[in-house]
Each structure stands twice: as C-alpha cells, then as structure tokens.
Amino acid sequence: MPRRPLIAGNWKMHLSVAQAVELAEKVAEVAAGCNDRDVVIAPPFTALDAVSKAVGKTSTFIASQNVAWEKEGAFTGEISPTMLVDLGVPMAIIGHSERRQIFQESDKMVNLRVKGALANGIVPILCIGETLGQREADMTFKVLESQLAEGLEGCTSEMVGDIVVAYEPVWAIGTGKTASKEQAQEVHAYLRQFLEEKYRKDIAQKIRILYGGSVKPDNVDSLMAQPDIDGALVGGAALKFESFARIINFI
Ligand code: PEP
C-alpha cells in the first residue's frame, strides 16, 4: 500500500493564541481540500487547547512539540501524554534537535517519551538528524542509526508501525540550507532499510519518513518526488500561510 503523504508544520515558540487559531483555521481549510495527504500542525502548548477546538472536526491533526513519559507527578514544566489526550491532541513531536541541543535531551529521554506517547495512544513524530560536523566526519549513518535504535529501544514491531520518523539534518534546520533531494533520498532509503532489518519489511514499508530542514515552496516538489520521502516537517515556512499552503499542495 502506498504511504499517505504527511505535511507537518512546527510552529515552535511562536504565535499568540489568537494568531495560532487564525492560522490553524486557514490551514484546516486548505487541508480540507486535499483528500490524499495528511496535514499536521504543532502549535506551542499555550495554544493547543484553542487550536484543537478550532480545527477539531476538520481533517487537520494537531501535534504537541514534546510530551512527558509519565501520566502525572512531580515533573515541573512537563506536559503528560494523558493531558494531551484530554485536549484531543493525537500526535507529538519528540526528539527535535532543538530539544536535544538546547535542552540536552538524551536518546534515553527521547526513548522514554516515545514509549510514554505510544502507551497512551499518541503517535510520536520521532526526529533524528546529524550535525554538520558529524556529516563532514562521515558519521551521518552511524549517528542516525544510533538515534533511531536508541529512540525506539524496547519498542515492538507493532508499536513501531504506528510512529512517524522525521529526518532533520541539524545543519539544514532554520539555515536556508536544504539537503539535496539526492542526499535526503539516500538517508531515507537507508533508514527504511535499517527499520526493515530491525523490525519487519511490512513495518518498514508502512512507516512514514518525513524530511525536515528548510523545506520551502520552491523545493518541496522535488523532495516529495523521492520514493522514500513521505512528507515534510516544516518550521519557518509553516508560520507563513501562503508558504505552508503551497507546501501542503505539493505537486
Ligand atoms: C524544524 O524546526 O523542524 C524545521 C525543519 O525548521 P525549518 O523548516 O525552519 O528549517
């Protein structure tokens, strides 16, 4: 079965509640016009409730930008998977490079978050990616393999079948530098092969692998034409309605 494309917008630490609702409503209208692809938006925590209510009955999915692993407890500053369920939020970005680099989140923590999300019916969008130094030192595949393996440690094939993976080279995030379509396809094919060896062929064929890193209206079509690129995780361009609408409507 062909994988259904998924275009996700990560709004990071931007937008007031009113601005988020306004953008979400416009995005949901565009998404409603496409029945062959999924659209996801990830507002900041402060706007999750309002955005979830605003797009609740449309085809647009909401994701949080992170999620804790426990249901409740002494975890100041964290939001639990059951709290997201309570808001009607079905997905969560986990392991974004900004979490890993700025907030020192480890693969172990990412793994706990992935398992906590899955245990509560939240679909993880697991982000992995190499830094420029790692790419230049020829360590790209080694780094990605270890981030993926550790992020999914202890997950069964059945659990893994439900996740979304986002390959986001750190050097391409917010820099305007995109991986070429050949570079991205090479990595995506490698990751799918790795998932096939570690789990099963049918599982690896089912998992959607998104590309993220300066995806824009002018490069989305060629990226999406690659056989193993199943979607995009978009930062900067997701905050501009016209740009994100064009990305959703990739050709
Ligand atoms: C991101 O934050 O996940 C991202 C890919 O950002 P940008 O599109 O701005 O590079």
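Visitor: How many aromatic pairs does the count come to?
Guide: The count comes to three aromatic pairs. Keep in mind that this is a predicted model.

Visitor: Why is the pair of phenylalanine 141 and tyrosine 190 called tilted?
Guide: Let's take it in two steps. Two rings pair if their centres lie within 6.5 Å, and the centres of phenylalanine 141 and tyrosine 190 are 4.4 Å apart. Planes under 30 degrees apart would be stacked and over 60 edge-to-face; these planes stand at 40°, so the pair is tilted.

Visitor: What makes this a pair that links distant parts of the chain?
Guide: Phenylalanine 141 belongs to helix 7 (residues 140-151), while tyrosine 190 belongs to helix 9 (residues 181-198). The two residues are 49 residues apart.

Visitor: Why does phenylalanine 141 count as partly exposed?
Guide: Buried means under 20% relative accessible area and exposed means over 50%, with partly exposed in between. Phenylalanine 141 has 27%, so it counts as partly exposed. Its partner, tyrosine 190, has 28% and therefore gets the label partly exposed too.

Visitor: And why is glycine 154 called exposed?
Guide: Its relative accessible area is 55%, and the cut-off for exposed is over 50%, so the label fits. You can find glycine 154 in the loop between helix 7 and helix 8 (157-160). Its C-alpha is 9.7 Å from that of leucine 112, although 42 residues separate the two in sequence.

Visitor: How do you know that the charged end of arginine 37 sits over the ring of phenylalanine 250?
Guide: The charge has to be within 6 Å of the ring centre and within 35 degrees of the ring normal. For arginine 37, the distance to the centre of the phenylalanine 250 ring is 4.0 Å, so the distance part of the rule is met. Arginine 99 lies over the face of phenylalanine 103, with 4.1 Å to the ring centre.

Visitor: How do you know that the buried residues of helix 11 line one face?
Guide: In helix 11 (residues 217-224), the buried residues are Asn219, Val220, Leu223 and Met224. Looking down the helix axis, they fall within an arc of 130°, so they line one face of the helix. They pack against helix 9, strand 7 (208-212), strand 8 (231-234) and helix 12 (241-248).

Visitor: What makes eight strands a barrel here?
Guide: They close in the order 1-2-3-4-5-6-7-8, with parallel pairing. On average, neighbouring strands of this sheet are turned by 25° against each other, direction ignored.

Visitor: How do you know that strand 1 and strand 8 are joined?
Guide: Two strands pair if there are at least two bridges between them. Strand 1 (residues 6-10) and strand 8 run parallel and have four bridges, so they pass. One of the partners to look for is alanine 232 in strand 8, opposite isoleucine 7.

Visitor: How do you know that strand 7 and strand 8 pair?
Guide: They have three bridges in the parallel sense, and at least two are needed, so they pair. Leucine 210 has glycine 231 in strand 8 as its bridge partner. Strand 7 is also joined to strand 6 (residues 164-167) by four bridges, again running parallel, and valine 165 stands opposite isoleucine 209.

Visitor: What makes both faces of strand 7 covered?
Guide: In a regular strand the side chains alternate between the two faces of the sheet. In strand 7, Arg208, Leu210 and Gly212 are buried on one side, and Ile209 and Tyr211 are buried on the other. That gives five buried residues out of five.

Notes. Residues numbered from 1 in each chain as written. Predicted model: local features only at pLDDT ≥ 70, side-chain atom pairs only at ≥ 80, totals over all residues. Heavy atoms only, no water. Phe/Tyr/Trp six-rings, centres within 6.5 Å; stacked < 30°, edge-to-face > 60°. Buried < 20%, exposed > 50% of the residue type's maximum accessible area, 1.4 Å probe, protein only. Arc of directions from axis to C-beta. Contact = heavy atoms within 4.5 Å. Axes fitted to C-alpha atoms, helices over the stretch in contact; angles between N-to-C directions.
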